[in-house]
Amino acid sequence: MDIRITDAAHHTLRHFNLTLPGGQIIALMGPSGSGKSTLAHDTLFAESRRRFLDCLSAGARRLLARPEKPRVGAIDGLPPALCLEQHMPQGHNRAVLGSITEVLDYLRILYAAIGVPHDPVTGEKLTRLSPDEIVLSLGSQPEGTRLTLLAPLAASFGCEPESDILQLRKLGYLRVRVNGEIKELEELEASFPAEGATCELVVDRIVVREGSDSRIADSVQVALRLWPDELRALVQKKGAEPQLQCFHTRYRNAETGFVLPDLTPRLFSHYSSQGACAACEGTGVKETARGEWKTCPACRGMRLNPVALAVTLSFGEQEVNMGDFCNLTVTENREMLGQLSIPPVFRETLQTAVQELQRRLDCLIELGLGYLSLSRAAATLSGGELQRARLAGQIGGGLSGVLYILDEPTIGLHPSETARLIVALQRLRDKGNTILVVEHDPQLLAAADWLVEMGPGSGPDGGQVLAEGTYEDFLKNEQSPTGAWLAGRRQFAESESPELQACKWAELRHAKARNLKDVTLRLPLGAFTCLSGPGGSGKSTLVHECLLPALKAGKVKGAEGISRAVVLDQSPLGTSPRSTPATATGLLDVLRPLYAALPLSRQRGYTAARFSLNTGGGRCERCAGTGQLQVDMNFLADLYTPCDACHGARYNRETLEVTWRGKSIAQALSLTVDEALEFFAPIPTAAGILQALHDIGLGYLSLDRSVTSLSGGEAQRVKIATYLAKAAPKRGRREGERLLFVLDEPSTGLHFREVDMLLRALYRLRTAGHTVLCIEHHQGILLRADYLIELGPGAGDEGGQIVYQGVPRV
């Protein structure tokens with residue numbers, strides 16, 4: 001069934017109607033801020049979630065935050081929606097790759113069903129007997145052997161003698177063995193044993209002969225119902241004294257007396273108190289006295305307690321506990337699973353669990369995550385890895401009739417991995433699901449069944465549906481901005497590359513961290529270099545764990561010309577709600593002296609500090625310059641409302657009375673980058689910063705927007721713009737300073753036009769004399785680098801080598 005959207009008007013959406021074909025892979029594309037996520041997440045997913053909550057009971061709804069109804073006329077044919085996000089909710093510090101994909105659920109079943117337990121102290125293998133094995137042992141005694149089957153009585157037996165004896169008589173029993181002596185119940189009535197005596201109920205007395213096996217089996221079952229953990233038997237062979245034999249039905253070490261609890265899936269869960277390591281509570285890490293987090297010494301980071309870690313599965317000749325199995329790579333897990341030894345009696349029962357386990361591991365490998373381990377903390381996964389892990393779990397789950405929403409699933413993927421992702425999405429579609437992806441990757445766009453383009457610009461200039469149709473339709477559409485890029489009618493900017501032979505080179509030798517295999521990295525100075533390769537091939541390790549530390553320690557040959565390294569990553573610009581693009585780029589430092597120099601400010605004695613949000617005096621003290629008030633909602637997430645004193649302006653009334661060209665500093669900061677570029681045109685320094693933000697594709701961004709609300713890609717581009725402004729004429733750097741800029745996937749989340757802007761910005765940094773090193777997969781960027789280094793050939797142990805370095809090849 002198609003999804004029909006009528007009058008979509010949420011946030012910046014421009015009251016449009018749209019029909020999305022059901023059971024198809026649909027790609028939403030367009031510039032950043034054009035409304036793609038607003039449509040996918042804030043409209044479709046939000047409405048699906050709201051409808052789901054409406055189906056719950058009134059009592060359940062009271063416990064949940066009521067979601068806002070999206071501004072949309074109607075949505076018909078909307079199926080249940082799942083949003084595979086790229087971040088983990090707060091408080092999920094126990095989540096690991098294996099739990100996200102449900103692999104651990106099936107692995108726990110295997111360990112509980114066929115795990116081989118050992119004593120956690122001695123390591124000795126523990127044994128137990130099944131009822132059938134007990135019957136076989138007793139029935140195999142020589143003919144004529146007398147058997148007396150005994151069931152231990154609880155320690156409370158005898159607290160109420162008359163009642164206890166009466167109960168035994170009602171059950172048809174006549175005798176009890178007390179401290180090794182068998183007594184009739186009448187004898188017990190006359191002289192009941194003292195407290196602490198060992199008492200055992202005589203269940204049956206049998207003589208082993210032909211045909212006695214069935215009676216032995218029945219009596220064993222009866223005895224085990226009375227005392228499930230143990231059966232005792234007096235075995236008296238002809239002409240011999242009776243010998244007491246104990247048959248334990250629970251795992252036990254006969255020498256130490258250690259008894260293992262029942263093997264259940266909860267014992268192997270780090271979320272359960274039965275299975276979690278007591279020292280770290282299943283987190284795998286423990287806080288030290290200095291407030292640092294270290295690997296838990298008790299479980300060695302495996303999250304499980306010693307009892308759970310003492311249980312192993314047999315993989316060929318290897319005995320592996322669950323912690324060690326989860327520490328291997330997913331690829332190694334899949335190989336070992338083919339060698340799993342399953343007792344014949346369990347093969348049919350466990351067939352489903354093994355197949356589900358295989359299917360989920362195969363999905364992870366297909367999606368390019370075979371180099372990860374099941375024990376990898378979810379919080380340490382990149383956004384792309386996390387989203388693909390969730391996708392693997394859904395493919396393995398087998399749901400149908402669902403709307404799946406994914407945001408940039410190709411983030412961090414090599415082209416070969418993108419091809420595998422497309423196959424996975426097609427499998428999910430073929431199960432009867434609808435897939436909606438927010439995407440810019442040409443490879444995935446070409447594989448989509450239906451494309452929807454939004455734009456034409458960002459923020460208030462976006463929110464419209466420009467075109468929709470098949471990939472072939474877009475190639476022919478002369479009016480489509482994205483179609484022009486896909487069809488090759490528009491090309492990325494070119495720039496004349498420096499002569500590499502004339503460049504000085506920095507050289508890092510013998511890089512061996514993690515999976516790197518004694519790599520030598522050569523980097524041309526003053527050039528634009530790209531580092532590519534499959535996920536897990538060692539790119540980040542080479543740059544962040546080898547090159548940058550070695551550069552700081554002065555161990556990179558030929559790097560004397562690099563003053564310092566600057567990492568322009570996608571980490572947040574700050575955590576303070578007072579931090580904005582204006583403060584992050586230094587624009588506010590330009591505007592504060594400007595406003596302090598105005599006549600009214602001089603008359604009142606205001607200095608530049610008056611216009612700072614970090615100090616008292618000029619800011620609104622009611623909200624401490626944040627423009628918002630935090631409302632404690634007890635058990636629910638805190639609520640933020642506009643400040644009732646400054647109404648979101650952040651400054652107090654007296655400060656807002658100072659204006660330049662008719663605008664207070666709060667009004668000036670509420671402008672977008674493009675609006676402010678025109679307003680502050682007479683101030684060259686301010687205009688230079690704003691021009692850099694505009695050139696990098698952030699013209700739609702409000703200057704007073706909190707940096708905590710920026711995406712990773714937006715934060716990275718703000719950092720790039722800051723250095724672009726410093727490289728501009730009249731703002732240059734210190735004489736002779738040459739920087740190494742390191743960027744990790746800067747094309748993430750960017751439309752073709754924005755990638756073009758990014759390339760122009762990187763060219764400008766290179767022209768200013770700096771060295772640029774990008775970890776990147778975008779083919780358009782790789783082909784326009786001055787120098788290309790590719791790691792591989794695979795991921796994990798199959799990577800860690802330089803397979804190509806030189807000028808990019810088409």
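What follows is a walk through two helices, the nonpolar cores and the empty spaces of this structure. The model is predicted, so local features need pLDDT of at least 70 and side-chain atom pairs count only at pLDDT 80 or more, while totals for chains, interfaces and linings use all residues. Residues are numbered from 1 along each chain as its sequence is written, and side-chain values use heavy atoms, with hydrogens and water left out.

Helix H4 covers residues 103-114; helices here are DSSP runs of H or I with at least four residues, strands are runs of E with at least two, and both are numbered from the N terminus. At 1.5 Å a residue, the 12 residues of H4 should span 16 Å, and the end C-alpha atoms turn out to be 17 Å apart, which agrees. (The expected span is 1.5 Å times one less than the number of residues.) H4 is largely enclosed by the rest of the structure, because 9 of its 12 residues are buried. Buried here means under 20% relative accessible area, with exposed over 50% and partly exposed in between, using a 1.4 Å probe and protein chains only. Among the buried ones are Leu104, Leu107, Arg108 and Tyr111. Their cover includes helix H3 (97-100), strands S15 (311-315) and S16 (318-321), and helix H12 (344-366).

Tyr111 also turns up in the largest nonpolar core, a set of 146 residues in which Tyr111, Phe268, Leu391, Leu425, Phe528, Tyr595 and Phe680 have the most contacts. A core of this kind joins buried Ala, Val, Leu, Ile, Met, Phe, Trp, Tyr and Cys residues through side-chain atoms within 4.5 Å. Apart from the largest core lies another, of 28 residues, with Ala506, Leu542, Cys546 and Leu740 among them. Leaving out residues up to four places away in sequence, Tyr111 touches Phe268, Val311, Phe315, Met322 and Phe325, among others, where contact means heavy atoms within 4.5 Å.

Helix H25 (residues 684-695) is next: its 12 residues should span 16 Å at 1.5 Å a residue, and the end C-alpha atoms are 16 Å apart, which agrees. Ala686, Ala687, Ile689, Leu690, Ala692 and Leu693 are its buried residues, and helices H20 (587-596), H24 (673-679) and H26 (712-727) are included in what covers them. Just after H25, Gly697 takes a positive phi of about 90°. Leu703 sits in the loop between H25 and H26 and counts as buried, at 1% relative accessibility. Its contacts include Pro581, Leu587, Leu671, Val673 and Leu690, again not counting residues up to four places away in sequence.

As for empty space, the count comes to 3 cavities of 30 Å³ or more. On a 1 Å grid over the protein atoms alone, a cavity is a set of points where a 1.4 Å probe fits but cannot get out; a pocket is an open set with protein on both sides within 12 Å along at least five of seven lines, and lining residues have an atom within 4 Å of a point. The largest cavity has a volume of about 110 Å³, and its lining includes Leu104, Phe268, His270, Arg303 and Met322. Helix H10 (residues 322-327) gives the largest share of that lining, 3 residues.

The second largest pocket holds about 530 Å³ of space. Of its 32 lining residues, Asp441, Pro442, His778, Gln779 and Gly780 lie nearest the centre.

Terms used. Points joined across faces, edges and corners; volume = space filled by probe spheres on them.
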